[in-house]
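Reader: I'm new to protein structures and don't know where to start. Could you walk me through how to read one?

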Amino acid sequence: MFNIANYSSKNIKNDILSGLVVAVALVPEAIAFSFIADVSPIVGLYTAFILGLITALIGGKPGMISGATGSVAVVLVALSLQASTMLSTQGLSGDDLAFGVLQYITLTAVLAGLLQVMAGVFKMGKFIRLVPQPAMYGFVNGLAIVIALAQFKFFEGQGTEMYLLVISTMLIMYFLPKYTKAIPAGLIAIIALTLLVYYGNINTITVGNLTDLSQFKGQLPSFHIPDTVLSLDAIMMVLPYAVIVALVGLIESLLTLSVLDEMSDSRGSGNKECIALGSGNITCGFFGGMPGCAMIGQSIINYTSGGLGRLSGITAAVGLMLLVATLTDLLNVIPVAVLVGIMFMVSIGTFEWSSASHIKHMPKSDAFVMIVVTVITIFSDLAVAVISGVIISALVFAWKHARIFSKTNVEADGTKVYELDGPLFFGSVTSFMDTFTIDQDPPRVVIDFNNARVMDSSGIEAVDTLTKKYEEAGKNLTLRHLSKDCKTLMKNAGPHCTFEENDPTYKVAVNY
């Protein structure tokens, strides 16, 4: 989990410095996502600390950053509205109403976390492999655009100073790493431009203008069991939201893990990440936080700043809480323009630019999937986008492979052999049945599956039906070269399927 032997002094320095950059960058994000979910900013900050710390310690990918995210916060908007309406009819208002709504959100975090832990325990993280590469490109590109678009609201009512500071930040982020990587460029930009704005009395929006963090000084998360946890009505009300939150969180976290796998050229554990994410969300629910998941923008900031180990995520989480609890005055004077510039550079770095040049060389179906996932990610929901991409890709695959081929030969004893090539599943059943000429075939017929595979119950049903037809015609049909799992399915399918016992065994993929 945390192997000190793999750490050099250089790694420790880079992890700590990159973690500090992420800690500062987490502040406006956590606050913004709290506003989206209609809860106090401290709720999002608690989430960034608790979830970030737990996933850093036991997650499936060292250096990956988790916290309150926009994709999860959007799901909570409808829940907040429903809970607020219901509690208002009960006479609650003001702080009592806000506290009541928070109870439903924290219950959602607990239930979503339980579902995510179950996904990890039952090793469902491997299903992220079903997401095709075009859908991955669409996910990354869509999130890059979403990250960029989310920054434009900070420009409202701002003058030229805001634009100059954003451009200056981006220039520092671009050019400084070309000369030195001893200190993360993001941290240099934050320190240098904050000093410039503070001592130069430059008129621009700061973190303190968004919300005065001084009101939260000295506050730490405290254990509290949601009042709704024992209410069946409350559980039934939030359960649909918890399921969506769990799915969105799993999808975004596992896809972020896949993106970082490519960046680091090493493989993380999806099942570990599911368990860590679920454990973190459950803990958030009992400590006054909202549910969250992996943050691709902050994770890329961490990786590009040199944070490759678990220490970077730990530093980010602990550093954030220390900043909020003790150094809120310093956080208040950080220009929002600097953080916006950093996020713009993250957006540029996140976007898969190669996909734009490859799109004209892609199969039309792959290009369509990539564009669809990108558009849905921008305008709708991440889970819907990725699931849509998987479904479209699956339908395209089924259509392309909805045909099974065969060649025939006659053995010395007069047995006719059909040598099949291709998968036998619901899409190829029709072409499979059309392959055989029952009336013209000799008394003994063999179907050779050496280059074919029975994939689903539709394929088994087709084989059973075909065998019955040969039986009714007074002819014997035997299946050859079936894999062990296919034989098991055939035995359970019905009395008509017979096969030879000298079939080979096939290796099964390792379940990581």
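Author: Let's go from the whole chain down to single residues. One thing to keep in mind is that this is a predicted model.

Reader: Okay, big picture: how many helices and strands does the protein chain have?

Author: Start by counting the pieces. The protein chain has 20 helices and six strands. Then look at the extent: along its principal axes, the C-alpha trace spans about 95 × 60 × 45 Å.

Reader: What share of the 512 residues counts as buried?

Author: Here the cut-off helps: a residue is called buried when its relative accessible area is under 20%. By that rule, 53% of the 512 residues are buried. As for what is left uncovered, the accessible surface of the chain comes to about 23700 Å², and 64% of that belongs to carbon and sulfur atoms.

Reader: And which residues account for the contacts in the chain?

Author: Look at how far apart the partners sit in sequence. Among contacts with a separation of 6 or more, 82% are between residues 24 or more positions apart.

Reader: How many positive and negative side chains are there?

Author: There are 29 positive and 36 negative ones, and the centres of the two sets lie 9 Å apart.

Reader: Now helices. How far should the 16 residues of α19 span?

Author: Use the rise of 1.5 Å a residue, counted over one less than the number of residues. Helix α19, residues 457–472, should therefore span 22 Å, and its end C-alpha atoms are indeed 22 Å apart. You can try the sum on two others. Helix α7 has 15 residues (185–199), with 21 Å expected and 21 Å found between its end C-alpha atoms. Helix α12 has 17 residues (310–326), and there both values are 24 Å.

Reader: Which residues of α19 are buried?

Author: First the general idea: an α-helix has 3.6 residues a turn, so residues three or four places apart point the same way. Now the case here: in α19 the buried ones are Gly459, Ile460, Ala462, Val463, Asp464, Leu466, Thr467 and Tyr470. Try the same reading on α7, where the buried residues include Leu187, Ile190, Leu193, Thr194 and Val197. Helix α12 is mostly covered, with 14 of its 17 residues buried.

Reader: What should I look for at the ends of a helix like α19?

Author: Check side chains at the start and backbone angles after the end. At the start of α19, a side-chain oxygen of Asp456 comes within 3.3 Å of the backbone nitrogen of Ser458. After α19 comes Gly474, with a positive phi near 75°.

Reader: Which residue other than glycine has a positive phi?

Author: Asn201 is one of them, with phi near 50°. Asn201 comes just after α7, in the loop between α7 and α8 (207–210). At 68% relative accessibility, Asn201 counts as exposed. Lys123 is another case, with a positive phi near 55°. Lys123 is in the loop between α4 (94–121) and α5, and is partly exposed at 40%.

Reader: Is Asp441 buried or exposed?

Author: Asp441 is buried, as its relative accessible area is 5%. This residue is in the loop between α18 (429–434) and β5 (444–454). For a charged residue, ask what its side chain meets: that of Asp441 makes a polar contact with the side chain of Lys416, at 2.8 Å. Leaving aside neighbours within four places in sequence, Asp441 is in contact with Lys416, Tyr418, Tyr470 and Lys475. You met Tyr470 earlier, among the buried residues of α19.

Reader: Where is Thr69, and which residues is it in contact with?

Author: Thr69 is in the loop between β1 (66–67) and α3 (70–89), and is buried at 2%. Beyond four places in sequence, Thr69 is in contact with Phe33, Glu252, Cys293, Ala294 and Met295.

Reader: How far apart are the C-alpha atoms of Val386 and Val248?

Author: Compare the gap along the chain with the distance in space. Val386 and Val248 are 138 residues apart along the chain, yet their C-alpha atoms are separated by 9.5 Å. Val386 is in helix α17 (382–400) and is buried at 4%. Its contacts beyond four places in sequence are Val131, Ile251 and Leu255. As another pair, Leu149 and Asp265 are 116 residues apart along the chain, and their C-alpha atoms are separated by 29 Å.

Notes. Residues numbered from 1 in each chain as written. Predicted model: local features only at pLDDT ≥ 70, side-chain atom pairs only at ≥ 80, totals over all residues. Heavy atoms only, no water. Helix = DSSP H or I, 4+ residues; strand = E, 2+ residues; numbered from the N terminus. Buried < 20%, exposed > 50% of the residue type's maximum accessible area, 1.4 Å probe, protein only. Polar contact = N/O pair within 3.5 Å; in protein donor to acceptor, adjacent residues only side chain to side chain. Contact = heavy atoms within 4.5 Å. Areas by Shrake-Rupley, 256 points an atom, 1.4 Å probe, with all protein chains shown as cover. Lys, Arg positive; Asp, Glu negative; His and termini not counted. Charge placed at Lys NZ, Arg CZ, Asp CG, Glu CD.
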